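Hi,

Here is the model I promised to pass on. Could you have a look at it before you read my notes underneath?

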Amino acid sequence: MANLTLITGANRGIGLEFCRQYLRHGDTVIACCRHPEQAETLQQLAEQYPSQLELVALELAEPAQFDSLSAYLGERTLDRLILNAGVYGPKGLAFGEYQPEHFELVMRINVAAPMLLTQALAANLGQGSKLALLSSKMGSITDNGSGGSYAYRASKSALNAVGKSLAIDLQARGVAVALLHPGWVQTDMGGPNAWITAEVSVRGMRHVIEQLTLVDSGTFYNYDGTELPW
Ligand SMILES: NC(=O)c1ccc[n+]([C@@H]2O[C@H](COP(=O)([O-])OP(=O)(O)OC[C@H]3O[C@@H](n4cnc5c(N)ncnc54)[C@H](OP(=O)(O)O)[C@@H]3O)[C@@H](O)[C@H]2O)c1
């Protein structure tokens with residue numbers, strides 16, 4: 001039977017590329033995004049892969065929608081849950097300019113949403129399921145050599161903490177968890193000067209996800225499979 005893969009932030013950037021590659025691979029893909037009716041490329045993919053692609057509306061700032069997503073999935077078990085959606089938050093803020101509100105959305109979308117969504121979808125995860133959380137090297141405290149980006153860095157460090165706890169809590173159910181740094185990727189977030197394409201990044205991360213076992217669950221990986229320091 002085809003693998004079942006759910007992806008958040010599926011309408012553009014890295015999430016869209018995950019959709020393309022898993023569809024090409026033959027998976028059934030549940031592509032979640034805020035406005036499926038406006039997601040032109042996803043609509044085109046749905047025409048190209050009518051029996052493989054399901055489009056589902058999901059606003060990560062609205063946790064009530066997480067239970068609706070679980071209800072939509074019903075008894076189905078996800079082979080892969082790719083929690084990719086994220087926000088950078090306010091750009092260009094220097095030390096001295098931060099206000100509490102600069103942390104609110106970024107912590108809600110990058111930290112609380114992946115944890116709460118995993119919790120809501122726990123019944124749809126089982127033996128052999130893989131959970132991939134899109135983190136960032138900017139969340140690595142060891143790697144921080146340039147400072148700044150307080151909200152984004154803090155959110156990805158906190159996401160790493162969430163992922164580690166999920167790896168421990170879901171171990172007995174047979175669910176393996178990976179924290180993934182996608183590289184510096186040419187997307188709206190990464191910008192045009194980024195080092196790699198989404199195609200290269202996702203190809204690498206798919207390989208990491210396929211290789212992931214319960215033994216290395218809870219590890220922080222670069223897209224090329226090398227381990228990153230916390
Ligand atoms: N690009 C890089 O170089 C890079 C490096 C390290 C880590 N990352 C991480 O990789 C992931 C994907 O990044 P990307 O470069 O593809 O980013 P992107 O191009 O900015 O795309 C972000 C995606 O997240 C979705 N999203 C944002 N807020 C949402 C919300 N409230 N509810 C539902 N979906 C929401 C966006 O949907 P809308 O279109 O509706 O806004 C979009 O689909 C992120 O977690 C990011 O932090 C990226």
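Below is what I found around the ligand and the pocket.

Keep in mind that this is a predicted model.

Let's start with the ligand. It sits in the largest pocket, and helix H1 (13-24) and helix H5 (150-170) are the elements that give two or more residues to the shell around it. That shell holds 28 residues, of which Asn11, Arg12, Glu59, Tyr152 and Thr187 come nearest. Sorted by class, the shell has 12 nonpolar, 11 polar and five charged residues.

The backbone is worth a look too. Oxygen atoms of the ligand lie 2.9 Å from a backbone N or O atom of Ile14, 2.8 Å from a polar backbone atom of Asn84 and 2.8 Å from a backbone N or O atom of Val185. As for burial, the ligand taken alone exposes 900 Å², and the protein buries 93% of that.

Now the pocket itself. The largest pocket encloses about 1200 Å³ of space. Its lining counts 45 residues, and Ile14, Gly86, Thr187, Met189 and Gly190 are the closest to its centre. Which elements supply at least two residues each of that lining? They are H1, strand E2 (28-33), helix H2 (40-48), helix H4 (101-120) and H5. The largest share, three residues, comes from H1. By class, the lining of the largest pocket has 21 nonpolar, 17 polar and seven charged residues.

Two residues to pull up on screen: Thr187, among those nearest the ligand, and Ile14, one of those closest to the centre of the largest pocket.

Cheers

Definitions and conventions: Residues are numbered from 1 along each chain as its sequence is written. This is a predicted model: local features need pLDDT of at least 70, side-chain atom pairs count only at pLDDT 80 or more; totals for chains, interfaces and linings use all residues. Side-chain values use heavy atoms; hydrogens and water are left out. A residue is near a molecule or strand if one of its heavy atoms lies within 4 Å of it. A polar contact is a pair of N or O atoms within 3.5 Å; within protein, one must be able to donate a hydrogen and the other to accept it, and residues adjacent in sequence count only if both atoms are side-chain atoms. Accessible areas come from the Shrake-Rupley method with a 1.4 Å probe; for residues, only the protein chains shown count as cover. On a 1 Å grid over the protein atoms alone, a cavity is a set of points where a 1.4 Å probe fits but cannot get out, and a pocket is an open set with protein on both sides within 12 Å along at least five of seven lines; lining residues have an atom within 4 Å of a point. A molecule sits in a cavity or pocket if more than half of its atoms lie within 2 Å of its grid points. Helices (H or I, at least four residues) and strands (E, at least two) are DSSP runs, numbered from the N terminus. Ala, Val, Leu, Ile, Met, Phe, Trp, Tyr, Cys and Pro count as nonpolar, Asp, Glu, Lys and Arg as charged, and the others, Gly among them, as polar. Grid points are joined across faces, edges and corners, and a volume is the space filled by probe spheres set on the points.
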